[in-house]
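Biologist: I should be grateful for a close look at a single part of this structure. Please begin with one residue and then set its surroundings in the context of the whole.

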Amino acid sequence: MLQRALIFSSSNPICSQLPTTAPPDNTVFPKRNGGWIIPFSSYQLPAFRLRNYRPSDSAANRPNMASQDEQDPRISNISSAIRVIPDFPKPGIIFQDITTLLLDTKAFRDTIDLFVERYRGKDISVVAGIEARGFIFGPPIALAIGAKFVPMRKPNKLPGEVLSEEYSLEYGKDTMEMHVDAVKAGERALIIDDLVATGGTLSAAIRLLERVGVHVVECACVIELPELKGREWLGEKPLFVLVSST
Amino acid sequence: MSAYRDKDPRIHGIQSKIRVVPNFPKPGIMFQDITTLLLDPKAFKDTVDLFVERYKGKNISVVAGIEARGFIFGTPIALEIGAKFVPLRKPNKLPGKVISEEYELEYGRDCLEMHLGAVEPGERALVVDDLIATGGTLCAAMKLLERVGAEVVECACVIELPDLKGRRCF
């Protein structure tokens, strides 16, 4: 398993050209935490070029680390601190385990700093973190940028009045909830999770916030699994990640 | 015993931000909702600062946070005091080799898990959760850490429900 670190610019013009609709219900859409299969045999290069991504660096030619002048020097340690566990939660799945990153105090600190440097002073008043690993990265970022932290949770965990949003899994559906009075129309928000795979969970979080008139500035994750095309399903919503895992 | 209760001026602000939701998750329960505390950046920061001031410089190398609300308070504390963060999770969430500890619920039992290798013998640890009620979850957390040879220096929570006598576990 090779890991390649990229930093994507939020002003990537490509994003505006991608589809904005959510995946259809009958699509086999793997869920992040179980039941998805990485289509190694069907991996295709993205059809678009990313900013700062030179053609000579395309995955087909050189599937190694992006050249040094393209990435922050802290990324390398962050990437190597992430543990890859095969066949979890079931055979065929390669699980990206961030708990080992949390054991490396410098790498964990650097991870938070990279997000804080990007979002400080951008008038973001809401950091929404997706249960449960979004609760690990979201609160330190929120505290550092002076924003409130809003947990986005599985059903029946939040005690107050909630809004619910369904989203698709490989088999069936799941639901995400948010407290209705946690955010106000016009606020600017960031959504945080540890990893983006298909983008289904992040899309549900975006819809929840937008339903109450919040402007989602960006989604931010530590890891992206580009083969699962989450970036496409987020449409025009910018996505920022630290590590892209192929 | 809390050294801060009734003394630090920040406590009043923190307490006033916690919302009590009656009859959740079932009739008769008064649920202590910390999500409203998280909506106030100053009160949230004060909460974390109070813990950091208490634990910084005490040679604590591990902060263990109990899923899921312990993650919210545990990670900022860990980062500030320079400790590693170890999530203690419900079964089948952690992908690596784990040890498990069962504990009692009102009806039935539940289980807490920790990755093997996350904590080494002799390390000094803090356990963090949002609330202590009966103490069952915190006791299970302490047992997990002690089983791998760590020393649990203290358990730290934002809220205590003293009528449920959680302290008797310690």
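Where in chain B is Leu131(B) found?

Modeller: The structure is a predicted model, and the description below should be read in that light. Leu131(B) lies in strand β7 of chain B. Setting aside its neighbours within four places in sequence, Leu131(B) makes contact with Gln32(B), Cys157(B), Ile159(B) and Leu161(B). A further relation links this residue to Glu160(B): the two are 29 residues apart along the chain, and their C-alpha atoms are separated by 5.7 Å.

The same strand also takes part in a charged pairing. Side chains of opposite charge can pair when their charged atoms come close. In chain B, the side chains of Asp130(B) and Arg69(B) form a salt bridge, with an N to O distance of 2.8 Å. This pair connects distant parts of the chain, for Asp130(B) belongs to strand β7 (residues 124–132) and Arg69(B) to helix α4 (residues 69–81), 61 residues apart. Over all chains, a search of the whole structure finds 31 salt bridges.

The loop that leads to helix α4 of chain B deserves attention as well. Most residues other than glycine have a negative phi, and most peptide bonds are trans. Glu67(B) and Ala68(B), however, are joined by a cis peptide bond, with omega about -10°. Ala68(B) sits in the loop between β3 (62–66) and α4 of chain B. Chain A also contains a cis peptide bond, between Glu131(A) and Ala132(A), where omega is about -5°. Ala132(A) is placed in the loop between β4 (126–130) and α4 of chain A. Another backbone feature of chain A is found at Asn156(A), a residue other than glycine whose phi is positive, near 70°. Asn156(A) belongs to the loop between β5 and β6 (162–168) of chain A.

The records add an annotation for each chain. In chain B, the unreviewed UniProt entry carries the annotation "domain: Phosphoribosyltransferase" for residues 49–162. That span of chain B is 28% helix and 38% strand, and its end C-alpha atoms lie 23 Å apart. For chain A, the UniProt annotation "domain: Phosphoribosyltransferase", again from an unreviewed entry, covers residues 111–227. Over residues 111–227 of chain A, the chain is 28% helix and 37% strand, with the end C-alpha atoms 23 Å apart.

The two chains meet in an interface. The contact draws 35 residues from chain A and 35 residues from chain B. About 2800 Å² is buried between chain A and chain B, and carbon and sulfur atoms give 70% of that area. Leu103(A), Leu143(A) and Pro159(A) together supply 22% of the area that chain A buries against chain B, more than any other three residues.

Polar and charged pairings also cross this interface. The rule finds one salt bridge between chain A and chain B; the side chains of Arg19(B) and Asp181(A) meet in it at 3.2 Å, N to O. In addition, eight residue pairs, both members at pLDDT 80 or more, are in polar contact across the interface. On the side of chain A that touches chain B, at least two residues each come from β2 (83–86), β3 (94–97), α2 (99–102), α3 (105–119), α4 (134–145) and β5 (148–152). Of these, α4(A) gives the most, with five residues. By class, this side of chain A has 20 nonpolar, six polar and nine charged residues.

Finally, the confidence scores should accompany any reading of these details. The model scores ipTM 0.96 and pTM 0.83. Chain B averages a pLDDT of 94, with 96% of the residues scoring at least 70. Chain A averages a pLDDT of 79, and 72% of the residues score at least 70. Within chain A, the pLDDT is below 50 over residues 1–69, and this stretch has 133 contacts in the model beyond near neighbours in sequence.

Definitions and conventions:
Residues are numbered from 1 along each chain as its sequence is written. Chains are lettered from A and ligands numbered from 1 in the order in which they are written. Side-chain values use heavy atoms; hydrogens and water are left out. Contact means heavy atoms within 4.5 Å. Buried area is the accessible area (1.4 Å probe) that two parts lose on being put together, summed over both. A salt bridge is a side-chain nitrogen of Lys or Arg within 4 Å of a carboxyl oxygen of Asp or Glu. A polar contact is a pair of N or O atoms within 3.5 Å; within protein, one must be able to donate a hydrogen and the other to accept it, and residues adjacent in sequence count only if both atoms are side-chain atoms. Helices (H or I, at least four residues) and strands (E, at least two) are DSSP runs, numbered from the N terminus. Ala, Val, Leu, Ile, Met, Phe, Trp, Tyr, Cys and Pro count as nonpolar, Asp, Glu, Lys and Arg as charged, and the others, Gly among them, as polar. pLDDT is the predictor's confidence in each residue, from 0 to 100. UniProt positions are given in the numbering used here, feature names are shortened, and annotations may be inferred rather than shown by experiment.
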